[in-house]
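Me: Please take a close look at one part of this chain, a single strand residue and its surroundings. Then connect that part to the rest of the model.

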Amino acid sequence: MRLWLKIVIGVIVALIVLLVLNAIVVDNATKDAYVRHPGARLVETSNGTLQVLEQGNPRGTPIVLIHCYTCSMSWWDDLAPLLERDHRVIRVDLLGHGGSDKPGAGYSIDDQATAVAEALAKLGVVNATVAGHSLGGSVATDLAQRSPQLATRVVIIDQAAEDGFENESFTQRVSYWPIAGQAADRLLRVTPKSAVIDQYDKAFAPGYEISSGFENPDQPVDDLRAMTYTAYKETNDAEQDFVDQAPLDERLATAHVPAMVIFGAEDQIYDAEAAVQRYRTNVPGVQAHLIPGAGHSPNVERPNAVAPLILSWAAPPRGPLRPAKPKRHSPSARADKK
């Protein structure tokens, strides 16, 4: 055999070995929970420790906010203060996200909902309105099915009944492939943030300036990089498995929990009008709304339009309330918070 051919084969074998070793290392990576958001605390559950942030009026009826895939509780930073005067507002980082535990396994929607339910039980939460954005909508639905005394009302934000993600880019699809995905994870750590944030375009309306929606302009990138590859891939798989077993509209119809559905009219991931119509057809009593000018993340893009809808759906306050604490910042201080 020629020397050059031996060298080429040796290099290929070495690369394969390195990729496999990298896959093993990345797949086995875990991260412990830590306080990542100012004012938050850690709550232990049987599935892992969650970062939880409680704000608003302690005597108000609870509103629970659950974020989207590859996101964190920071995606509610502008909306949450608009709910706090008369309500106890609780934000949760899901397993694998934000400041919560990132275990080596256990990312099913049932696992996520169980962890959230246990954390809320430790906080004494009952009769809550649970609002979930995208992935959070699946978790909120499961929570209502499993714990109707806890989640007595549900708000689904931009989560279609069947989660197809037909508009995923080729890059996103490759990132879920074994070995190629792990390599992409490593590359993500060294890619300039400006290049990574471009991959979030479809999560917002066309032309939306993503950095304007967050106190930290790099928030989406930081949230993505906070995940392990295992959390990234298994959460995606778990979400698809959940709706494959039964779509959200069917689950909500059988749960008999009052439901509201909100979609950005310019959602680039789902056909918003078709998704809304399906919920209207199949979920008795559902209220459904389209937010003009918003994409897949109206809670970030148009919080002043979404908050009144959540408030109108939430359980009313119980008796006299103490004044809420002053806000740290005005959500209207940043661009396009109409």
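Reply: A strand is here a DSSP run of E with at least two residues, and strands are numbered from the N terminus. The model is a predicted one.

Leu 53 is the residue to start from, and it is found in strand β2, residues 48-56. Is Leu 53 buried or exposed? With a relative accessible area of 2%, Leu 53 is buried, because the cut-off for that class is under 20%. Its contacts, leaving aside neighbours within four places in sequence, are His 37, Pro 38, Gly 39, Ala 40, Met 73, Val 89, Ile 90 and Arg 91. Val 92 can be added as a distance: it is 39 residues from Leu 53 in sequence, and the two C-alpha atoms are 6.5 Å apart.

Val 92 also gives a link to Val 43, a residue of strand β1, residues 41-45. The C-alpha atoms of Val 43 and Val 92 are separated by 9.9 Å, with their positions 49 residues apart along the chain. Val 43 counts as buried, at 6% relative accessibility. Beyond four places in sequence, Val 43 touches Gly 48, Thr 49, Leu 50 and Val 52, together with Ala 119 and Lys 122.

Those last two residues lead to the helices. Helix α2 spans residues 109-122, and its axis comes within 9 Å of the axis of α3, crossing at roughly 70 degrees. Helices α2 and α3 are therefore roughly perpendicular to each other, and their crossing is right-handed. On the α2 side the contact involves Ile 109, Asp 110, Gln 112, Ala 113, Thr 114, Val 116, Ala 117 and Leu 120. These meet Leu 135, Ser 138, Val 139, Asp 142, Leu 143 and Arg 146 in α3.

Helix α3, residues 135-146, also packs on helix α8, residues 229-245, at an angle of about 55 degrees and with the axes 11 Å apart. That angle makes α3 oblique to α8. The handedness of this crossing is left-handed. From α3, the residues in contact are Leu 135, Ser 138, Asp 142 and Gln 145, and from α8 they are Thr 235, Glu 239 and Phe 242. Leu 135, Ser 138 and Asp 142 thus appear in the contact with α8 and also in the contact with α2.

Phe 242 has a further partner: Arg 251 lies over the face of its ring, at 3.6 Å from the ring centre. The number 251 falls within helix α9, residues 248-255, which packs against helix α10, residues 272-282. The angle between α9 and α10 is about 30 degrees, and their axes are 9 Å apart. The two helices are therefore roughly parallel to each other. α9 passes α10 in a right-handed crossing. Leu 248, Asp 249, Leu 252 and Ala 253 of α9 make this contact with Arg 278, Tyr 279 and Asn 282 of α10.

The aromatic side chains come next. Rings of Phe, Tyr and Trp pair if their centres lie within 6.5 Å, and planes over 60 degrees apart count as edge-to-face. This rule gives seven aromatic pairs. One of them is Trp 75 with Phe 214, edge-to-face, at 5.1 Å centre to centre and with 70 degrees between the planes. This pair joins distant parts of the chain, 139 residues apart: Trp 75 is in the loop between β3 (61-66) and β4 (87-92), and Phe 214 is in the loop between α6 (193-197) and α7 (219-226). Trp 75 and Phe 214 are both buried. A second pair is Phe 263 with Tyr 270, where the centres are 6.4 Å apart and the planes are at 70 degrees, so the pair is edge-to-face. Phe 263 is buried at a relative accessible area of 0%, and Tyr 270 counts as buried at 6%. Trp 75 and Phe 214 also belong to one aromatic cluster, with Tyr 200, Phe 204 and Tyr 208.

For the protein overall, there are 12 helices and eight strands. Of its 338 residues, buried ones make up 54%. Among contacts with a separation of 6 or more, 79% are between residues 24 or more positions apart.

How values were computed. Residues numbered from 1 in each chain as written. Predicted model: local features only at pLDDT ≥ 70, side-chain atom pairs only at ≥ 80, totals over all residues. Heavy atoms only, no water. Phe/Tyr/Trp six-rings, centres within 6.5 Å; stacked < 30°, edge-to-face > 60°. Helix = DSSP H or I, 4+ residues; strand = E, 2+ residues; numbered from the N terminus. Buried < 20%, exposed > 50% of the residue type's maximum accessible area, 1.4 Å probe, protein only. Lys NZ or Arg CZ within 6 Å of the ring centre and 35° of its normal. Axes fitted to C-alpha atoms, helices over the stretch in contact; angles between N-to-C directions. Parallel < 35°, antiparallel > 145°, perpendicular 65-115°, else oblique. Left-handed = near helix turned anticlockwise from the far one by under 90°. Contact = heavy atoms within 4.5 Å.
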